[in-house]
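Trainee: I would like a close look at one part of this model, and then a walk through the rest from there.

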Amino acid sequence: MSSPPSPLASALDPADWTRGPIADIFSSYIAAAALSAAHELGLLETLAAHGDALIGGDDIEGLDAAVVRQLYTVLSWAKIVEISGDDAVVPGPLFDEAYAARGYFYWLVRGCGQVFTDAPSLAHRQRRTGNFFERDMRAVAIGSWLIGDAEVEGLFDQIIAGLPVRKVADFGCGSASRLIRIAGNNDAVECVGIDISADAVRLATDNVAAAGLTGRIAIRHADVRQLEPIASHADIDTLTCVFMGHDFWPYGDCVRTLRRLHAAFPAASRLLLCDVVRAPETSRDMTIFTLGFESVHALMGVYIPTLAEWQQAFAASGWECEVVHPVTAPPNGVLFELAPTAGASHDGAPAPARPGPGTGNRRP
Ligand SMILES: C[S@@+](CC[C@H](N)C(=O)[O-])C[C@H]1O[C@@H](n2cnc3c(N)ncnc32)[C@H](O)[C@@H]1O
């Protein structure tokens with residue numbers, strides 16, 4: 001509900017806020033949207049590959065020249081590009097950093113923009129039932145792949161290169177880029193990607209076909225939390241799960257899902273789970289992603305566990321955490337190398353109560 005302007009606000013001299021930090025917050029929102037659009041339209045790729053582009057966008061078939069020019073104008077305000085003369089645009093001082101971070105902006109604006117637009121409605125308790133929020137899951141999957149590409153994928157390559165991997169299941173496979181990489185690097189490996197989103201399944205299926213790997217990578221549309229044992233999963237030895245483990249929570253549900261995996265994948269000897277954990281504190285020197293990731297999940301009612309809460313869930317579900325790899329990108333990212341504990345429960349027994357207080361046990 002909007003309130004009347006406060007006397008304090010109206011007493012301010014407009015010169016105090018029409019420039020400066022508040023004006024910059026406004027313009028930063030536009031710059032984030034322009035960066036996301038420039039990624040999807042291929043403008044950033046063109047600059048990265050060729051070092052310059054035509055500002056009118058006449059070189060990109062079907063694009064409106066005035067729109068492309070305006071996107072570049074916004075990006076030049078953000079120092080991401082420089083407009084050179086009337087016709088040309090070249091990378092600006094912040095181009096390399098912005099290009100490296102493009103997945104975060106695409107995830108935020110194209111993938112999650114509607115959640116932020118709808119924040120006032122999502123704040124009402126009575127509206128938080130059923131499918132109460134909207135995201136573009138194709139964009140979330142593409143953004144996540146780009147986010148993981150900087151560091152997480154290299155870590156996976158290193159870990160997998162040292163293991164006798166024959167068949168992999170990737171939970172919440174998104175774009176299937178990880179499986180395409182794994183299959184591409186290891187000729188004998190077969191893969192299964194599982195995702196709950198029809199849009200992600202379509203994207204993954206197209207990407208696998210484009211990579212010519214349809215015979216070795218199967219994509220399934222399913223909820224990982226509900227998987228039953230099936231014959232084609234009986235010989236899977238390696239489970240991977242990147243940027244979706246938080247969807248297993250709250251605590252009791254997470255423990256149940258992690259336990260179920262022992263029965264659904266009886267031959268699995270490892271689970272490589274990478275996720276972003278709850279930031280220990282909010283500081284002014286905020287890392288990229290952190291506020292967006294935690295805000296969007298709060299709005300969607302998805303609990304983000306801390307590293308310690310993950311460790312409790314592993315211990316309660318028959319998964320021994322052998323190695324913890326912290327990662328810098330995404331900030332607060334962690335890759336857990338897990339192995340089934342001897343005699344791990346395959347029986348789907350009820351999850352124990354969560355030790356100690358905390359919101360992780362609350363249903364969203
Ligand atoms: C943030 S994206 C990450 C995609 C991919 N793992 C990556 O690293 O690029 C999370 C993915 O998990 C999927 N997902 C979420 N909950 C799921 C569930 N219960 N079962 C299967 N997939 C799920 C979403 O549809 C989405 O594609």
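Where does T214 lie?

Mentor: Keep in mind throughout that this is a predicted model. T214 belongs to the loop that connects helix 11 (198-210) to strand 6 (217-221). Its relative accessibility is 54%, and because exposed means over 50%, T214 is classed as exposed. Along the chain, T214 and I180 are 34 residues apart, and in space their C-alpha atoms are separated by 9.8 Å.

Other loops are worth setting beside that one. F289 sits in the loop between strand 8 (270-276) and helix 13 (290-300). Its phi is near 85°, which is a positive value in a residue other than glycine. Unlike T214, which is exposed, F289 is buried, because its relative accessibility of 11% falls under the 20% limit.

P250 is in the loop between strand 7 (238-242) and helix 12 (251-264). The peptide bond that joins W249 to P250 is cis, with omega at about 15°.

A cis bond also leads from A329 to P330, where omega is near 5°. P330 lies in the loop between strand 9 and strand 10, and N332 is found in that loop too. N332 is not a glycine, yet its phi is positive, at about 65°. The relative accessibility of N332 is 24%, and it counts as partly exposed because that value lies between the 20% and 50% limits.

The strands on either side of this loop form a hairpin, with five residues between them. Strand 9 (residues 319-327) runs antiparallel to strand 10 (residues 333-340), and eight bridges join them. In one of these pairings, V323 has E337 of strand 10 as its bridge partner.

There is another hairpin, made by strand 2 and strand 3, with three residues between them. Its turn includes G85, whose phi is positive at about 70°. Strand 2 (residues 81-84) and strand 3 (residues 88-91) pair in the antiparallel sense over four bridges, and V81 stands opposite P91 of strand 3.

Strand 3 also pairs with strand 1, again in the antiparallel sense, here over two bridges. The bridge partner of L54 in strand 3 is A88. The resulting open sheet has three strands in the order 1-3-2, with antiparallel pairing. Strand 1 (53-54) and strand 2 are its edge strands, each pairing on one side only.

Next, the ligand. A shell of 20 residues surrounds it, and the closest are G172, R178, D195, D223 and V242. By residue class, the shell divides into 11 nonpolar, five charged and four polar. Helix 8 (residues 137-149) gives the most to this shell, with four residues.

Some shell residues place N or O atoms beside those of the ligand. An N or O atom in the side chain of D195 is 2.6 Å from an oxygen atom of the ligand. With V242 the protein side of the pair is a polar backbone atom, 2.8 Å from a ligand nitrogen. I196 likewise uses a backbone N or O atom, at 3.1 Å from a nitrogen atom of the ligand. The ligand taken alone exposes 590 Å², and the protein buries 94% of that area.

That leaves the cysteines. A search of the whole structure finds zero disulfides. For C173, the nearest cysteine sulfur belongs to C191 and is 10 Å away. A disulfide needs sulfur atoms within 2.5 Å, so that distance rules out a bond for C173. For C254, the nearest cysteine sulfur is that of C241, at 9.3 Å, and C254 is in no disulfide either. Both residues lie under the 20% limit and are therefore buried: C173 has a relative accessibility of 6%, and C254 has a relative accessible area of 0%.

To return to your starting point, T214 is a loop residue between helix 11 and strand 6, and at 54% relative accessibility it counts as exposed.

How values were computed:
Residues numbered from 1 in each chain as written. Predicted model: local features only at pLDDT ≥ 70, side-chain atom pairs only at ≥ 80, totals over all residues. Heavy atoms only, no water. Near = heavy atom within 4 Å. Polar contact = N/O pair within 3.5 Å; in protein donor to acceptor, adjacent residues only side chain to side chain. Areas by Shrake-Rupley, 256 points an atom, 1.4 Å probe, with all protein chains shown as cover. Nonpolar A, V, L, I, M, F, W, Y, C, P; charged D, E, K, R; others polar. Pairing = 2+ DSSP bridges. Buried < 20%, exposed > 50% of the residue type's maximum accessible area, 1.4 Å probe, protein only.
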